[in-house]
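Thank you all for coming; I would like to walk you through one structure this morning, taking the ligand and its surroundings to begin with and then turning to a pair of helices. Please have a look at it before I go on.

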Amino acid sequence: MILVLGATGKVGRALVPALLDAGAPVRALTRDPARARIDPRAEVVRGDLDDVGSVPLAGVSRVFVLTSGHGGDSAARETALAAAAARAGVAHLVKLSTTGVHFGQTDPITLAHAHAEQAIRGAGPAWTILRPGAFMDNRRFWLHSARTDGAVYVPEGDPASALVHVRDIAAVATLALTTPGHEGATYELTGGEALTPAQQVAILGDALGRAVRYVEEPEPAARARMLALGWPAQAIDGTFELKRQSAGREDVVFDTVERLLGRKPLTFAEWAREAAG
Ligand SMILES: NC(=O)c1ccc[n+]([C@@H]2O[C@H](COP(=O)([O-])OP(=O)(O)OC[C@H]3O[C@@H](n4cnc5c(N)ncnc54)[C@H](OP(=O)(O)O)[C@@H]3O)[C@@H](O)[C@H]2O)c1
């Protein structure tokens with residue numbers, strides 16, 4: 001049985017069906033099964049990582065470890081989870097981290113991942129670390145204003161980025177969770193090409209079938225927009241600090257997805273067509 005944490009999130013929504021399609025039995029964790037809308041082939045369980053005793057680990061052989069990067073102490077959650085998994089006899093932990101750890105970033109989100117990686121490596125079970133760069137899905141944030149104003153507002157200085165599709169992350173995670181040979185491996189995961197924000201907006205406009213203006217806005221205005229859309233202040237601070245530290249590295253392309261999957265990474269144009277639909 002494979003336990004998937006974060007099953008209702010961006011990566012988890014791609015990973016649960018990918019594992020099931022590969023023939024693996026899946027237990028999907030959520031704090032609220034009634035609202036989770038998880039693939040009905042999975043066993044859906046209630047649990048909260050803030051109370052690790054509530055996470056049903058009996059009978060689990062592998063765990064996909066993902067915690068929300070914002071709010072709470074995610075390193076403490078993952079440390080407690082890894083220890084509980086070891087006690088329950090779990091054989092393999094596959095942790096979702098970030099490329100920021102590869103680059104030695106010291107923003108709070110990246111540092112929490114670095115600490116959690118250490119805890120996972122030292123817990124006892126075999127481990128695999130997946131370190132994706134920025135997700136294409138982050139650009140869902142652009143869809144509303146693209147449709148309503150015909151414009152996308154991007155914080156000044158946002159760098160070119162080799163955005164990765166969550167289905168590619170899920171495909172690599174499925175490989176690590178269902179086939180041997182990935183124990184002790186750390187994989188950096190990006191898309192196949194770095195695109196500037198202006199290029200991304202143009203591709204999104206093509207997918208939406210309408211002209212979409214690219215508008216750079218100063219950081220205070222970008223923060224106000226995120227607050228108005230319901231982002232917690234702490235998450236906005238963490239995101240801008242991470243942005244500052246990852247600028248200049250987000251354009252680095254790793255060939256890991258192609259090497260492991262034997263095909264090119266999914267493109268931003270493919271993502272944009274799906275998102276527009
Ligand atoms: N976005 C990026 O560009 C990027 C890049 C690299 C790495 N990352 C990393 O990716 C991770 C986020 O992945 P994601 O975007 O797929 O997640 P997400 O869409 O933000 O969803 C968060 C998930 O975490 C679960 N969750 C939150 N608090 C929980 C708790 N206390 N107990 C149990 N489950 C909890 C939620 O489940 P319920 O609400 O159903 O309980 C949900 O499934 C973070 O660690 C982030 O640092 C993100």
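Let me start with H113, where a polar side-chain atom lies 2.8 Å from an oxygen atom of the ligand, and let me say straight away that what you are looking at is a predicted model. The protein covers 83% of the 930 Å² of accessible area that the ligand has on its own, and the elements that give two or more residues to the shell around this ligand are α1, residues 10–21, and α4, residues 108–122.

There are further polar contacts to point out: a polar side-chain atom of T8 is placed 2.6 Å from an oxygen atom of the ligand, while at G6 a polar backbone atom is 3.3 Å from an oxygen atom of the ligand. In total 27 residues are around the ligand, and those that come nearest are T8, V11, T30, T67 and N138. Sorted by class, the shell holds nine nonpolar, 13 polar and five charged residues.

Now to the helices, and here I would ask: at what angle do α2 and α4 pack? Helix α2, which runs over residues 74–87, packs against α4 at about 10 degrees, with the two axes 8 Å apart, and because angles under 35 degrees count as roughly parallel, α2 is roughly parallel to α4. On the α2 side the residues are S74, A75, E78, T79 and A82, and they meet A112, H115, A116, A119 and I120 in α4; by class, this contact has six nonpolar, three polar and one charged residues.

Notes
Residues numbered from 1 in each chain as written. Predicted model: local features only at pLDDT ≥ 70, side-chain atom pairs only at ≥ 80, totals over all residues. Heavy atoms only, no water. Near = heavy atom within 4 Å. Polar contact = N/O pair within 3.5 Å; in protein donor to acceptor, adjacent residues only side chain to side chain. Areas by Shrake-Rupley, 256 points an atom, 1.4 Å probe, with all protein chains shown as cover. Helix = DSSP H or I, 4+ residues; strand = E, 2+ residues; numbered from the N terminus. Nonpolar A, V, L, I, M, F, W, Y, C, P; charged D, E, K, R; others polar. Axes fitted to C-alpha atoms, helices over the stretch in contact; angles between N-to-C directions. Parallel < 35°, antiparallel > 145°, perpendicular 65-115°, else oblique. Contact = heavy atoms within 4.5 Å.
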